[in-house]
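The report that follows is meant for a reader meeting this structure for the first time. It begins with one pair of strands and widens from there to the sheet, the domains and the chains.

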Amino acid sequence: MTITTNLAPKNGEREFSQRPATSTQEAILTLAAGSALAGLGIWRRGWFGTTMGAAGGYLLYCGVRDFHRPYQGRVRVSYTISKDRQEVYDFASNPQNWPKFMHAIQVKNNGDGKFGFSVGEPAGIDFESNVEITDQQSGEHIAWASAEQMLEHRGVVRFKQAPGNRGTEVFVALEYKAPAGPIARALASLVGWGPEQVVRESLRHLKQLMEAGEIPTTKGQPSGARGIRGTAKRIIFREGPSEQAVEQTRMAGD
Amino acid sequence: MKALCWQGKTNVSVERVNDPSILNPRDAILRITRTAICGSDLHLYDGYIPTMEPGDVLGHEFMGQVIETGSEVKKVKKGDRVVVPFTISCGQCFYCKNQMWSACDNTNPNAWIMEKMYGYSGSALYGYSHMMGGYAGGQAQYARVPFADVGCLQIPEGIDDEKVLFLSDIFPTGYMAAKNCDLKGGEVVAIWGCGPVGQFTIRSAFMLGAERVIAIDRIPERLKMARAGGAEIINYEEVDNLLDELKWMTGGRGPDACIDAVGMEAHGVGIAAAYDYSKQRMKVAFDRPIVLRQMMQACRKGGVVSIPGVYGGFLDKIPFGAAFGKGLIFKMGQTHMHKYMQPLLQRVQNGEIDPSFVITHRLTLDEAPDAYKTFRDKQEQCIKVVLDPWREAA
């Protein structure tokens, strides 16, 4: 099933800007890192050198490409939630519930169908994006588009009755223009801020919250000394470097 | 509290860690009275399961007393004596509602890793790597039990811990392995591996109507225990050709069902075994599928191949032509624990089986690091180790 995001830019027929996504600094950094890696690879030779050379070549390619064309990405994620369509829609469309299940995003309600979404606050980097609900039909879909150029995105969430009384299929389709080059994108993915990860984990949390009543967690559980290796692995598995408990958002008693 | 922590390949140690606390409304905290070392813990010990982190608390077979419950826990009460299944299930999703408990959608906080590796994520497990959820395990003095109302099996007064402890994993696992063979009465079942799961599989196969059980291993005391359970035995190191032997013993038909209670670290003899060992050593494979190959060859036409043993990655040199040519049926996977615990508790209460027969070592938590080694190397006639986390070593 293909979902277009046509519904999203309905207000004023807005299209994505022509601004290149990568800042000049990052493009230069990418090109520099690419040439350094490629050079080192050629100098070292052997298996390891070949791998390094290939990685450097890829970075060079990305750097050159990003000078000309902004990085545009697409995300498609769907999960089935075993609850009635209207119930899922009502819960998911209520902005008060968003902080309970959205992954890595802080939501600010600016009123009048406009919201501030920010990513990366805990790390001191702040990508804020103003989001506007552009179309909405109860039990059917919600579409949104971002208002400014820094972090452009638009998308739609659709709700569909699943076959065999299995609840509701929820589809999220989204297009975005990343305000970052390949290095920053890779770093963002490493800590779980990649757009695909944000959407997938948010939708998963919505499912878990609606079906099981809580989002499973291990944050705050006991463990032995992790050491450097254990801590590094925690970051790779996106569990955060330490195990301090985060305040749980829970549905119970709501 | 004291807890057994994984530190790296063949390196586990007892450490002082924080006590667990309620993190979610459906959690409960258990004071653990008995816990056991499982054969599948040895895969972690040997470093064959990816995504382990140094400091992880191990153990997925445990029972104890509830000392604290979260705000949404209704059924389980403080003071209850409970056995906890090794799989964590939410009880609300499609899979839980359809009795496929180990496929639960909603309990793995690291589901994305499994989705990358296997396409979809199954339920989380205790103390069994971060792709399986990264939950702290039960080889400790206390444990946190998420979704306590769904998981905890309440144990009535008057039954020993040792009789019900194995409802946490190996008894239901052996039982499901036999159940998967769809026995109707009069079958011949061949079981590879006479470790703890194998022992329960032998007894379950008889319970479910098998007429003969052939048990295959190489460790004398395990074969002896299998024979005590009513099985005929084969020591595969002593026969020329295991497949010929099985054909001979079954009147040329082959076993009606074959059960792999061994999994990824099979030993075996000959060229095939050497091939798998070298691949595993070079880190191009996690698994040594020796048993799987033998079963596919040995099983009768249209028979069932049931696999409770754990496999992790990509297997190779699998005789799929034999499986297709004979129309074999494959059943496998993590045990749907919650489906079998209550009926099996009933069987224990009725006196049909006393699961404590399998225990050979009763130790303290401090002795656990040595016990891992003893169990892995099958020294001291070790078959099953049970730990009392509160007893001090003599």
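## A sheet in chain B

In this predicted model, strand S11 (residues 188–192) of chain B runs parallel to strand S14 (residues 257–260) of chain B, and four bridges join the two. One residue of this pairing can be named on each side, since B:Trp192 has B:Asp260 in S14(B) as its bridge partner.

The two strands belong to an open sheet of six strands in chain B, whose order is S13-S12-S11-S14-S15-S16 and whose pairing is parallel. At the edges stand strand S13 (232–235) and strand S16 (329–332) of chain B, and because each has a single partner strand, one side of each is left without a neighbour in the sheet. From one strand to the next, the twist of this sheet averages 20°.

Helices also pack against these strands, and the table sets out two of them with the strands of chain B that they touch and the angle to one of those strands.

| Helix of chain B | Strands touched | Angle |
|---|---|---|
| H7 (residues 196–207) | S11, S12 (212–217) and S14 | about 170° to S12(B) |
| H11 (residues 290–298) | S11, S14 and S15 (304–307) | about 180° to S14(B) |

## Two domains and their contact

Chain B as a whole is divided into domain 1, which covers 2–169 and 335–388, and domain 2, which covers 171–332. The centres of domain 1 of chain B and domain 2 of chain B, taken over C-alpha atoms, are separated by 25 Å. Where the two meet, the contact takes 22 residues from domain 1 of chain B and 19 residues from domain 2 of chain B.

On the side of domain 1 of chain B that touches domain 2 of chain B, helix H1 (39–45) and helix H13 (337–349) of chain B each supply at least two residues, and H13(B) gives the largest share, with four residues. Sorted by class, the residues of this side of domain 1 of chain B comprise twelve nonpolar, six polar and four charged.

Helix H13 of chain B also holds B:Arg347. Is this residue, B:Arg347, buried or exposed? With 16 C-beta neighbours inside 10 Å, B:Arg347 falls in between and therefore counts as partly exposed. Once its neighbours within four places in sequence are left aside, B:Arg347 is in contact with B:Glu352 and B:Ile353. Between the C-alpha atoms of B:Arg347 and B:Thr10, which are 337 residues apart along the chain, the separation is 37 Å.

## Chain B against chain A

The model also places chain B against chain A, with 41 residues of chain B in contact with 32 residues of chain A. Strand S1 (2–8), strand S4 (56–57) and helix H3 (111–118) of chain B each supply at least two residues of the side that touches chain A, and the largest share of that side, three residues, comes from H3(B). The side of chain B that touches chain A has 19 nonpolar, 14 polar and eight charged residues.

Chain A itself contains seven helices and seven strands. Read from the N terminus on, the elements of chain A follow the order α-α-β-α-α-β-β-β-β-β-β-α-α-α. Of the 254 residues in chain A, 33% are buried. Among the contacts in chain A with a separation of 6 or more, 59% are between residues 24 or more positions apart.

Notes. Residues numbered from 1 in each chain as written. Chains lettered and ligands numbered in written order. Predicted model: local features only at pLDDT ≥ 70, side-chain atom pairs only at ≥ 80, totals over all residues. Domains from an automatic or database assignment. Contact = placed C-beta atoms within 7 Å. Nonpolar A, V, L, I, M, F, W, Y, C, P; charged D, E, K, R; others polar. Buried ≥ 20, exposed ≤ 12 C-beta atoms within 10 Å, placed from the backbone. Pairing = 2+ DSSP bridges. Axes fitted to C-alpha atoms, helices over the stretch in contact; angles between N-to-C directions.
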